[in-house]
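Thanks for coming. I will go through a few local features and then some helix packing, with the structure on the screen.

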Amino acid sequence: MLELVTWAKRFIATPSVSRMGNEAIAEQAIELLEELGIPARSETVVVDGVQHRAVIADIGPADRDDGLLMITHLDTVPPGDAKAWTATGGDPYSPTEEGNRLYGLGSADAKVDFVCKAHALASIDRDRLQRPIRLVGTFAEEIGLVGARWLVDQGLAEGFRYALVGEPSELQAIHAHKGYAVFEARVGAEAVCGAHSGYCQEQLFAGHSAHSSTPHLGCNAIEAALERLTLPDVTGFVSISGGGAVNKVPDHCELVACLADASAPSLRASSSEPPPPMMRAAKPLLEFHRGWRDLLEQLSELKNIGFDPNISVGSLGRVETCEGGVSFYFDLRPIPGVDPLEAVRPLEELAEVRCIRSNPALATSLNSKLVRAVACAQEQLGIGRNLGTKATCTEAGLLSANGLEAVVVGAGPSVGNVHRPNEYTRISELAQARDLYRLTIEALCSGGELRCS
């Protein structure tokens, strides 16, 4: 257990934000596998000028076509404001133990899971393996399942029947999850010639971050800024910018608004300089915002009690002023049966809308051999059969769409924990995850029988 936690801390201490590349964490993963006596290699992939590495380890016979893939992404979302990481002394890369919790970025989502999978592989009798196992540490999952897409495109998922995908689930076996789609909506808002009679003021709006799969747990700063534009003292705006990773509810937004009356109340005035000679009309932004609210209301009419939240959800994740207008970046997480491309059609009357990426949902049968194997492993560990669904989208949906039976499982809580400061995992669940993987491997790949109720 001590070695497991030690390596977990090393992984947390190694930054691996998606858009910065994962060279350092890949080196850590290779070193871990070598220490455990597991042969490994890495493949270098350059995406948008950024160098990434996929870490791959193969064991077991290579002449079978019904093997097991074990997948964990090694990248993380950006940490956000370091000061908000109070549990780690203001440093998101400083792993900190407190009771049964291990804090730090990536502790739950999800790179520490790679440590659990590697230790599970090291604990099995490789001479008994009858089917191949491939462990993969992927890259850039948080910005479009890039590593998993590369894996499929390279044919590296071929010959495998099952996939265990690591994401925090408190060791619940996730057999279904929502889809995911990211869009850009460009709203035209040309500058109005001539100076206005009021003044301009920079206003900062603070929100509360949360994972975009549960937007109700956060407070969206972009929407707060848009609400400010509805007040009667606003005559227009100069710029608006806020948010970051689209899959996070934004906790900050900056608005430079044009006001008619210098005595109007505000959050904070950063400058008393004269207003710029140009401003933009707020009306197009307000119409788009109303259309966005109408879209969410329409999506909420169709429910699926198998999910929490039980509706399709969406979040405005980033906004930036651009030439000729404003670009909004948002995501949708549709329940099965909802087509995100069709859902956004009404917005096309208010903006130029393009789909940046769309990821499939997951729906693995409860009767599948993989689901039953994981459930049996849960029972053998004494944690009880626990199957469920997930509101987020994962690499499992992509693998499922390519013909594999897939299940998502991992240590630590997800809802209200990941994609926000003070992310943590439960230390006791790390060892349980390792043992769950070992038992599942033995049932699927070592000729074991599924013996459970």
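Ala140 is buried, because its relative accessible area is 1%, and under 20% counts as buried. Please bear in mind throughout that this is a predicted model. Ala140 sits in the loop that runs between strand E6, residues 133-138, and helix H4, residues 146-153. Its backbone is worth a look: phi of Ala140 is near 50°, which is a positive value in a residue other than glycine.

That loop between E6 and H4 also holds Leu145. Leu145 is not a glycine either, and it has a positive phi of about 55°. Is Leu145 buried or exposed? With a relative accessible area of 2%, Leu145 is buried.

Moving on into H4, the buried residues there are Gly147, Ala148, Trp150, Leu151 and Val152. What do the buried residues of H4 pack against? Their partners are strand E1 (41-47), strand E2 (50-59), strand E3 (67-73), E6 and helix H9 (395-401). So E6 turns up twice here: the loop with Ala140 lies between E6 and H4, and E6 is among the elements that the buried residues of H4 pack against. Just after H4 comes Gly155, with a positive phi of about 75°.

Next, the cis peptide bonds. One joins Asp109 and Ala110, with omega about -15°. Ala110 belongs to the loop between strand E5, residues 101-103, and H3. Another cis bond runs from Asp308 to Pro309, and there omega is near 0°. Pro309 is placed in the loop between helix H6 (283-299) and strand E15 (313-322).

Pro309 leads to Ser213, since the two touch. Where is Ser213? It is in the loop between strand E11 (199-206) and helix H5 (221-228). Ser213 has a relative accessible area of 4% and is therefore buried. Leaving aside residues up to four places away in sequence, Ser213 touches Pro309, Val313, Arg333, Ala391 and Thr392. On the other side of that cis bond is Asp308. Asp308 is 95 residues from Ser213 along the chain, and their C-alpha atoms are separated by 9.2 Å. Within its own loop region, the side chain of Ser213 makes a polar contact of 2.9 Å with the side chain of His211.

Now the helices, beginning with H3, residues 112-122, and H10, residues 427-445. Their axes are 8 Å apart and the packing angle is about 45°. H3 and H10 are therefore oblique to each other, and their crossing is right-handed. On the H3 side the contact involves Val112, Asp113, Cys116, Lys117, His119, Ala120 and Leu121. H10 contributes Leu430, Ala433, Arg434, Tyr437, Arg438 and Ile441. Sorted by class, that contact has eight nonpolar residues, one polar and four charged.

H10 has a further partner in helix H8, residues 369-381. The axes of H8 and H10 come within 9 Å and cross at roughly 130°. That makes H8 oblique to H10, and this crossing is right-handed as well. From H8, the residues in contact are Lys369, Leu370, Ala373, Val374, Ala377, Gln378, Gln380 and Leu381. They meet Gln432, Asp435, Leu436, Leu439, Thr440, Ala443 and Leu444 of H10. How many of the residues in this contact are nonpolar? Nine are nonpolar, with four polar and two charged.

Back to H3, which also packs with helix H2, residues 23-35. What is the angle between H2 and H3? It is about 20°, and the axes are 10 Å apart. H2 and H3 are therefore roughly parallel to each other, as angles under 35 degrees count as such. The crossing of H2 and H3 is right-handed. Ala29, Leu32 and Leu33 are the H2 residues involved, and on H3 they meet Phe114, Val115, Ala118 and His119. This contact has six nonpolar residues, one polar and no charged. His119 takes part in both contacts of H3 described here, meeting H10 and also H2.

That is what I had to show.

Note on methods. Residues numbered from 1 in each chain as written. Predicted model: local features only at pLDDT ≥ 70, side-chain atom pairs only at ≥ 80, totals over all residues. Heavy atoms only, no water. Axes fitted to C-alpha atoms, helices over the stretch in contact; angles between N-to-C directions. Helix = DSSP H or I, 4+ residues; strand = E, 2+ residues; numbered from the N terminus. Parallel < 35°, antiparallel > 145°, perpendicular 65-115°, else oblique. Left-handed = near helix turned anticlockwise from the far one by under 90°. Contact = heavy atoms within 4.5 Å. Nonpolar A, V, L, I, M, F, W, Y, C, P; charged D, E, K, R; others polar. Buried < 20%, exposed > 50% of the residue type's maximum accessible area, 1.4 Å probe, protein only. Polar contact = N/O pair within 3.5 Å; in protein donor to acceptor, adjacent residues only side chain to side chain.
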